[in-house]
Number of protein chains: 4
Amino acid sequence: MRGAGKKSIPTLVKDPQLIARRREQIVQAAVDLFISKGFHKTTTREIAHSSGFSIGTLYEYIESKEDVLYLVCDHIHGELEKRMQEALVESQTGADTLRQAIRVFAHVMEQMDDQVLLIYQEIKSLPNEPMKYVLRREEAITEIFERILQKGIADGSLQVDPKDVKLMAQNIIILGEMWVFRRWALRKHYTLEEYIEAQTNLLLQRLTHHHS
Amino acid sequence: MRGAGKKSIPTLVKDPQLIARRREQIVQAAVDLFISKGFHKTTTREIAHSSGFSIGTLYEYIESKEDVLYLVCDHIHGELEKRMQEALVESQTGADTLRQAIRVFAHVMEQMDDQVLLIYQEIKSLPNEPMKYVLRREEAITEIFERILQKGIADGSLQVDPKDVKLMAQNIIILGEMWVFRRWALRKHYTLEEYIEAQTNLLLQRLTHHHS
Amino acid sequence: MRGAGKKSIPTLVKDPQLIARRREQIVQAAVDLFISKGFHKTTTREIAHSSGFSIGTLYEYIESKEDVLYLVCDHIHGELEKRMQEALVESQTGADTLRQAIRVFAHVMEQMDDQVLLIYQEIKSLPNEPMKYVLRREEAITEIFERILQKGIADGSLQVDPKDVKLMAQNIIILGEMWVFRRWALRKHYTLEEYIEAQTNLLLQRLTHHHS
Amino acid sequence: MRGAGKKSIPTLVKDPQLIARRREQIVQAAVDLFISKGFHKTTTREIAHSSGFSIGTLYEYIESKEDVLYLVCDHIHGELEKRMQEALVESQTGADTLRQAIRVFAHVMEQMDDQVLLIYQEIKSLPNEPMKYVLRREEAITEIFERILQKGIADGSLQVDPKDVKLMAQNIIILGEMWVFRRWALRKHYTLEEYIEAQTNLLLQRLTHHHS
DNA sequence: TATGAATGAGGATTCATTCAT
DNA sequence: CATGAATGAATCCTCATTCAT
């Protein structure tokens, strides 16, 4: 886990509250810019301007343009996790929880599609250590599904070989992200609800199938 | 389909054979550079140098740096299709053909992982028309699987509701590409063969399931 | 008159006083460079260097090299007008005013010969709108002479058919500019004073001629 | 007169007839290009292409791009002289000859306005020696008028102080060229014929005036 | 002679970052 | 803390000229 800890960006400013507020402004501005123009084609001047302050001030709160990308990626993951947490409710059985979690995840992906795409397309521009951290947060989301699967196994509502738990969790992530990546192809033929329905059936069919 | 036709890049050179040869050199050099440094951080001089000629010569065969990206994307898709074609053999049943096609596709993804990633990460840097063309080629690969599914339906070896054919095809693409996108997570737990096996079972179980 | 208004060049700098000062530096440097090497053979780096700052700073105050040419042309016309204004004194009669104005104009042309030549030789490198504006300023100078001629007609000191006023004014400009354009030929045979004397006589003879 | 002799451009080709023919092609193509785009913005490739042969062939007949400009200037002067010669007819008196010569010159200027402008705007791009030669040819045209004036003095039809002959000749050239340089202003108010009429009257009035 | 592919110096412009005020 | 002018390395692209075929 070396190097995967949250990176703290050095600052010239002392007041932590101010730092937090300013960085929020920066992220807010940068997310939109990165989405519409890409990381490389966005200038630091634009970021500063959209953030509402000068280029000099921007550099009081970051050390390099890449720091902004890092802040943005970190923020997006935070937002992802927050929305997942908010929408997830413990149900009776693990199977039901899973069913609902898949739905939630797919909807979150739909809402944040541009941002998810952004991370995938620009992550390579991050320096090594920050990149690892970002990938680590990605895994954290996978673990949400792993835990639900484990619970379903424990309460008997899901039949999964324990060694397949990780693959199942990955598959859930995958199907959610695919709604983002291949939207240009999928949306021609399915609504989000149809997609969730079809994919959930496919996934759970086996997991809940009772060989009589 | 307007505007999705193959773009032909203007040239200062007349000999078509020479153009083909030089552009091959360019693509060969650029693929590696783009993979290791990304499109934006690769300079035209580096491309020229790695191609084995001067910057002036490079610009005899392209009009802009973006043309190189287009050539690279086009080449990668060509390579993808070629490898798919080579490895696909018609089997007895549609179900068997599908099983084999999935395996082939996953292996091609494994071999060309960096290149597939490259397309996903840099496609947004293409101008509008070329981008459309590249996406069109992506769809062409999906259609390979659609045809196999149709065949399986026809010969009775696959039970799929015709309206789900597109989703199924997309799912196959998805699972192949996920081996690329999430390799950092998946490879910790599975070999490619295990992955193919597990995913194929998951997909085909329903399609071939006989409700007795 | 559409599009012939003064063009205001966009800037990255906010302080208007600084802009004015820096642009003055730019013009000062560029005039000399353009005169000795021509617009095309002068590099932006040379302009920046001679202006006393870096290439980056140059581009804080202009958007393109052509902007520099525009600034230069505008400055030259300003200087022309200023010197004309300074030297012009209202005399008793229109005829006397005219006589003096011709002398002044010829002297101004003599002093600014390189700059006048510069405008004639490089104006075609300006984009359309700025070119129109520059030509408009040229006309403004002609109008100075038109006004004097009108005055002479009014006070009876000049006999000119009103329809010839414009031609007369043009002729005055012409003879002044010719001292610039054909200096290589004229200076072999005349001093400026001789030239003024001869040309004034020629022009005014008719205008003041009393048909007895 | 050192250095003002006709420059002969070195060639890789032996056959003088071929050289003449090719250079004619070059000049024909270059004149149009230089007029519409200016010397600096015209590329040698364009010149070669418009001339009807390859860039390599172009360089068989010239040594540098500036040679083309020289050929063009030389050609224009030749054309000017030819047209003057063709149209000039000896009249009875020097005064009549002059009157007609002015008319001819003004018409030639009208016909060749773009080319005259071209010389004035691009001559500074010539190397030193060729420039001198071009200016020398300019003087040759002035001399045509000087000779006519001398003849008029000799036959008594013109009253000119011999020391003013050169200025008079220059003035004639000037008024012709001004129809070119200031056409944007003059054409608003006069036709060419009106202009010739007015200027001729102005010039000749004094020269032919009989102080009775 | 004619061709046209190859060359690379050179030029305009951008933009992340710094630092004096 | 905030500002924004200054910097200059870096980048894309052009084009006159050469030379092997």
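## DNA strand F and a buried asparagine

In this predicted model, the side chain of A:Thr57 puts an N or O atom 2.7 Å from a phosphate oxygen of DNA strand F. Chain C reaches phosphate oxygens of this strand too, but through its backbone: C:Leu12 does so with a polar backbone atom at 3.2 Å, and C:Lys14 with a backbone N or O atom at 3.0 Å. Here are the three contacts side by side.

| Residue | Atom on the protein side | Distance to a phosphate oxygen of DNA strand F |
|---|---|---|
| A:Thr57 | side-chain N or O | 2.7 Å |
| C:Lys14 | backbone N or O | 3.0 Å |
| C:Leu12 | polar backbone atom | 3.2 Å |

Now zoom out to the whole surface around the strand. There are 43 residues around DNA strand F, and the ones that come nearest are A:Tyr61, B:Tyr59, C:Arg22, C:Tyr61 and D:Tyr59. By type, the surface splits into 15 nonpolar, 14 polar and 14 charged residues. Helices H1 (16–37) and H3 (55–61) of chains A and C each supply at least two of these residues, as do helices H2 (44–51) and H3 (55–61) of chains B and D. On the DNA side, sugar or phosphate accounts for 66% of the strand F atoms within 4 Å of the protein, and bases make up the rest.

Away from that list of DNA contacts, have a look at C:Asn171, which is found in helix H8 (residues 165–181) of chain C. Is C:Asn171 buried or exposed? With a relative accessible area of 9%, C:Asn171 counts as buried, because the cut-off for that is under 20%. Leaving aside residues up to four places away in sequence, C:Asn171 touches C:Leu203 along with D:Gln199 and D:Leu202 of chain D.

Note on methods. Residues numbered from 1 in each chain as written. Chains lettered and ligands numbered in written order. Predicted model: local features only at pLDDT ≥ 70, side-chain atom pairs only at ≥ 80, totals over all residues. Heavy atoms only, no water. Helix = DSSP H or I, 4+ residues; strand = E, 2+ residues; numbered from the N terminus. Buried < 20%, exposed > 50% of the residue type's maximum accessible area, 1.4 Å probe, protein only. Contact = heavy atoms within 4.5 Å. Near = heavy atom within 4 Å. Polar contact = N/O pair within 3.5 Å; in protein donor to acceptor, adjacent residues only side chain to side chain. Nonpolar A, V, L, I, M, F, W, Y, C, P; charged D, E, K, R; others polar.
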